[in-house]
Amino acid sequence: MKRFFLTCLLASCLAIPCFAQKKFEGFERGMGIGGWLTNYKRFNVLPEKWRLPLTIGDMEHFDSYITEADVANIASMGMDHIRLGFDQIVLEESPGVYRERTFRCIDNFIGWCEKYQLNVVLNLHKAVGNYCDIQEKVELLDDPQLQDRFVALWVELERRYHDKPAVAFELLNEVRNVNPKKWNDLAERTLQALREKNPTRKIIIGSTCWNSPSTLKDLRLYDDENVIYTFHIYSPFEFTHQRGVLQSGPLYYNRVMAYPSDIEPYRDFQRVVQNNPNAYRNREQMDKNYLRSCLQPAVDFVKAHPDKILWCGEFGTIRHAKIEYRENWMRDVISILKEYKIPYSVWNYLSTPNDGNRFSLVDDDTRKILSPEMLKIIQGNAD
């Protein structure tokens, strides 16, 4: 009888899924800051000659937009880390020439985070040759000189923050839809350069196709416990970017959308427009099961690589979506991430009013969270 009981107990234990992913200590629940050192203006509406130079208005914005009070506010929300996006041109005046004024912004920011016991992810949000919202003449992954500048910038960041172990480096945000080998090669070269300076720096590497979960399988993996892998989730795009003006799909579709709901996907809208503007594909159910299917590649990664750390570095909803539907979507995403013990950072704290993709979670003036329920959700405390 005792043997029978033990056999049944063992069988029941084996039947329970076990996802023993390594913990990302100190980076389990975070919030991103955009609109400060990145997305301070959108280049797709500027003439090409005006895109890369910084103006006096830009510099004044960098000096004032985020303050110690904002870091204290994020800490009060129960976050353990902040993901800070920055652009290469904000820190780099020309190859190898760095802007001390804007570096001071990061110096101050790290100091504030230390004061409020927050860890930091420094995220290169836009590198020269890899902007997610404009097509550039010269691509980062096709140009050796741009790659040299890319590596040199990270080495400079390591030099400046060498004694800051609570600062993690995220090499590049949302690599475009490119040959994965090209990105893997540059990421590995950058990793090696940083490892020569610091063998224990936490280094975060994302996948191609704008950090899609589906391309996690293409990432090169390393026998390095301080390398973290990351992905983003914005599915269904029709909902999270509804009535957005930066991508042609939401702009064309131009719909107010609920979550959960049935949807008529616009994903093949170019074919639809060319053939029959009134013809849509079959309707889909947009709900938690749909999100599970979108996140399945991340779940597969966790199962296949329990010795690796996978972190969801970005997810959110456009600000003008109804708050109830934003809450519903965020609740479903975070509950799935928690189910598989995937740490996360929500996007984002605050966006500038002129940002065509505003994903703010706080009010522009008061900096208060837009709803108490949203705060519970991002804290991971919602039902």
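# A walk around the model

Start by selecting Asn348, which sits in the loop between strand E12 (344-346) and H14. This is a predicted model, so treat the tour as a look at computed geometry. Now show the backbone: Trp347 and Asn348 are joined by a cis peptide bond, with omega at about -10 degrees.

There is another cis bond to visit. Select Ser235 and Pro236, which a cis peptide bond links, again with omega at about -10 degrees. Pro236 is found in the loop between E8 and helix H9 (237-240). As background for this stop and the next, most residues other than glycine have a negative phi, and most peptide bonds are trans.

**Odd backbone angles**

Pick Arg243 next, in the loop between H9 and helix H10 (248-253). Arg243 isn't a glycine, yet its phi is positive, about 55 degrees. Its relative accessible area is 33%, so Arg243 is partly exposed.

Then jump to Asn211 in helix H8. Here, too, is a non-glycine with a positive phi, this one about 60 degrees. Is Asn211 buried or exposed? Turn on the surface: the relative accessibility of Asn211 is 0%, under the 20% cut-off, so Asn211 is buried.

**The largest pocket**

Stay with H8 and bring up the largest pocket, which holds about 930 Å³ of space. Which residues come closest to its centre? Select Glu174, Trp210, Phe237, His241 and Gln247; they are the closest of the 36 lining residues. Now colour by element: two or more lining residues come from each of strand E1 (29-37), strand E5 (119-126), H8, E8 and H12. H8 gives the largest share of the lining, three residues.

**Helix H12 and its kink**

From the pocket, follow H12 (residues 288-304). This helix has 17 residues, and its first and last C-alpha atoms are 23 Å apart, close to the 24 Å expected at 1.5 Å a residue. Look along the axis and stop at Leu295, where H12 kinks by about 50 degrees, shortly before Pro297.

Go back to the start of H12 and show side chains. A side-chain oxygen of Asp287 comes within 3.2 Å of the backbone nitrogen of Asn289. Next, select the buried residues of H12: Tyr290, Leu291, Cys294, Leu295, Ala298, Val299, Phe301 and Val302. Note that Leu295, the site of the kink, is on that buried list. What covers these residues? The cover includes E8, strand E10 (284-286), strand E11 (309-315) and helix H13 (323-339).

**Helix H7**

Now select residues 180-197, which make up H7. Try the distance tool on the end C-alpha atoms: they are 26 Å apart, which agrees with the 26 Å that 18 residues should span at 1.5 Å a residue. The N-terminal end is capped by Asn179, with a side-chain oxygen 2.9 Å from the backbone nitrogen of Lys181.

On the buried side of the ledger, H7 has Trp183, Asn184, Leu186, Ala187, Thr190, Leu191, Ala193, Leu194 and Arg195. Switch on the cover, which includes helix H6 (144-160), strand E6 (167-170), strand E7 (203-206), helix H8 (208-211) and strand E8 (227-233).

To see H6 and H7 touch, select Gln147, which is in helix H6. Which residues does Gln147 contact, leaving aside neighbours within four places in sequence? They are Leu140, Leu141, Asp142, Leu186 and Arg189. One of them, Leu186, is among the buried residues of H7. Gln147 has a relative accessibility of 16%, and buried means under 20%, so Gln147 counts as buried.

**Helix H5**

Move on to residues 100-115, helix H5. Its 16 residues reach 22 Å from first C-alpha to last, close to the expected 22 Å at 1.5 Å a residue. Select the buried set in H5: Thr102, Phe103, Cys105, Ile106, Phe109, Ile110, Trp112 and Cys113. Step past the end of H5 to find Gln117, where phi is positive, near 60 degrees.

**Last stop**

Finish at Asp383, in the segment after helix H14 (372-378). Is Asp383 buried or exposed? Its relative accessible area is 89%, and the cut-off for exposed is over 50%, so Asp383 is exposed. Add Ser335 to the selection and draw a C-alpha to C-alpha line: the two residues are 48 apart in sequence and 8.7 Å apart in space.

Note on methods:
Residues are numbered from 1 along each chain as its sequence is written. This is a predicted model: local features need pLDDT of at least 70, side-chain atom pairs count only at pLDDT 80 or more; totals for chains, interfaces and linings use all residues. Side-chain values use heavy atoms; hydrogens and water are left out. Helices (H or I, at least four residues) and strands (E, at least two) are DSSP runs, numbered from the N terminus. The expected span of a helix is 1.5 Å times one less than its number of residues. Buried means under 20% relative accessible area, exposed over 50%, partly exposed in between (1.4 Å probe, protein chains only). Contact means heavy atoms within 4.5 Å. A polar contact is a pair of N or O atoms within 3.5 Å; within protein, one must be able to donate a hydrogen and the other to accept it, and residues adjacent in sequence count only if both atoms are side-chain atoms. The bend at a residue is the angle between axes fitted to the seven residues ending there and the seven starting there. On a 1 Å grid over the protein atoms alone, a cavity is a set of points where a 1.4 Å probe fits but cannot get out, and a pocket is an open set with protein on both sides within 12 Å along at least five of seven lines; lining residues have an atom within 4 Å of a point. Grid points are joined across faces, edges and corners, and a volume is the space filled by probe spheres set on the points.
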